[in-house]
Amino acid sequence: MDVNAMPFTHNTGVVTRKQFDDHITLYHGYVEKTNEITNKLATDPEWASANATASHYRGWKRGETYAINGVILHELYFQNLGNEAGPPGRKMSELVDRYFGGFEKWKEDFIACATAARGWCILAYEQRTKTCRNILLDNHHDGHIATAFPVIVLDMYEHAYFLDYGTDKGAYINRFISSIPWDAIEKRAVVVV
């Protein structure tokens, strides 16, 4: 079953139109690669030669999680790129109060996590421990907690900000936080118990 790209329009002050359009092109590449891998595994999976050291099957399966997570994480990121500053909604306020001791402490931890990340910074609800945590992923498929549900997703790969911010990761992170569309985040947060 093919994955279809979601439509996104530039409606954010976090990045310029050029930065956004280049990022969308990259996202479409992940969609295409996901479909290519899915089709390869459906038509010629090479099961007989699979092994843990090196095999085509192993490579395709590792690529599968990398590509589909690239699609999903980009979609969540584009959905939480906003324009409006303002306070988080009721549910998010409750979550950051409960798990971080307030918005400012969550923000401080999120900024530190994003600064340390090579790939993604995610506020996630982890279902096993029933806690919210800021987690970082250095790759799309490296560092993700298996039972974690992403609530806020920030792309920290250089391709996400470098055209607009250069090496000033802090300016990008702060602009992102000050522009979070809290209504979209509230919709994600309702699944958190």
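## A first look at the helices, sheet and charged pairs

Helix α4 (residues 103-116) lies across the three strands β1, β2 and β3, and runs at about 20° to β2. This is a predicted model, so please read every value below as computed from it. Welcome to the structure: the points that follow start with the sheet, move on to the helices, and end with the charged side chains.

**The sheet**

- Three strands form an open sheet in the order β2-β1-β3, and their pairing is antiparallel.
- The edges belong to β2 (131-137) and β3 (148-155); each has a single partner strand, so one side of each is left without a neighbour in the sheet.
- From one strand to the next, the twist averages 25°.
- Strand β1 covers residues 120-126 and pairs with β2 in the antiparallel sense, over 7 bridges.
- To find this pairing by eye, you can start at Ala124, whose bridge partner in β2 is Arg133.

**Two helices that cross**

- The axes of α3 and α4 come within 8 Å, with a crossing angle of roughly 75°.
- Angles from 65 to 115 degrees count as roughly perpendicular, and α3 and α4 are therefore described as roughly perpendicular to each other.
- On the α3 side, the residues that meet α4 are Val96, Asp97 and Phe100.
- Their counterparts in α4 are Phe103, Lys105, Trp106 and Asp109.

**Salt bridges**

- Side chains of opposite charge can pair when their charged atoms come close.
- The structure holds 8 salt bridges, and three of them are introduced here, beginning with Asp21 and Arg17, then Asp44 and Lys40, then Glu94 and Arg90.
- Asp21 forms a salt bridge with Arg17, and their closest N and O atoms are 3.1 Å apart.
- Both Asp21 and Arg17 sit in helix α1 (residues 17-43); because they are 4 residues apart there, about one helical turn separates them.
- Asp21 is partly exposed, with a relative accessible area of 33%.
- Asp44 and Lys40 join their side chains in a salt bridge, at 3.1 Å from N to O.
- Asp44 counts as partly exposed at 38% relative accessibility, whereas Lys40, at 19%, counts as buried.
- The cut-off for buried is under 20% relative accessible area, which means that Lys40 at 19% falls on the buried side.
- In the pair formed by Glu94 and Arg90, the closest N and O atoms are 2.6 Å apart.
- Helix α3 (residues 90-100) contains both Glu94 and Arg90, 4 residues apart, or about one turn of the helix.
- Glu94 is partly exposed, with a relative accessible area of 32%, while Arg90 counts as exposed at 61% relative accessibility.
- Salt bridges with shared partners also link Lys40, Asp44 and Glu46 into one network.

**A buried charge without a salt bridge**

- Helix α2 (residues 56-79) is where you will find Glu75.
- Glu75 is buried yet has no salt bridge.
- Which side chain of opposite charge is nearest to Glu75? That is Arg188, 9.2 Å away.
- A salt bridge needs the nitrogen and the carboxyl oxygen within 4 Å, so Arg188, at 9.2 Å, does not form one with Glu75.
- Leaving aside residues up to four places away in sequence, Glu75 touches Asn4, Met6, Phe8 and Tyr27.

Terms used:
Residues are numbered from 1 along each chain as its sequence is written. This is a predicted model: local features need pLDDT of at least 70, side-chain atom pairs count only at pLDDT 80 or more; totals for chains, interfaces and linings use all residues. Side-chain values use heavy atoms; hydrogens and water are left out. Helices (H or I, at least four residues) and strands (E, at least two) are DSSP runs, numbered from the N terminus. Buried means under 20% relative accessible area, exposed over 50%, partly exposed in between (1.4 Å probe, protein chains only). Two strands pair if DSSP finds at least two bridges between them. Axes are lines fitted to C-alpha atoms, for helices over the stretch in contact, and angles run from 0 to 180 degrees between N-to-C directions. Contact means heavy atoms within 4.5 Å. Lys and Arg count as positive and Asp and Glu as negative; His and the chain ends are not counted. Angles under 35 degrees count as roughly parallel, over 145 as roughly antiparallel, 65 to 115 as roughly perpendicular and the rest as oblique.
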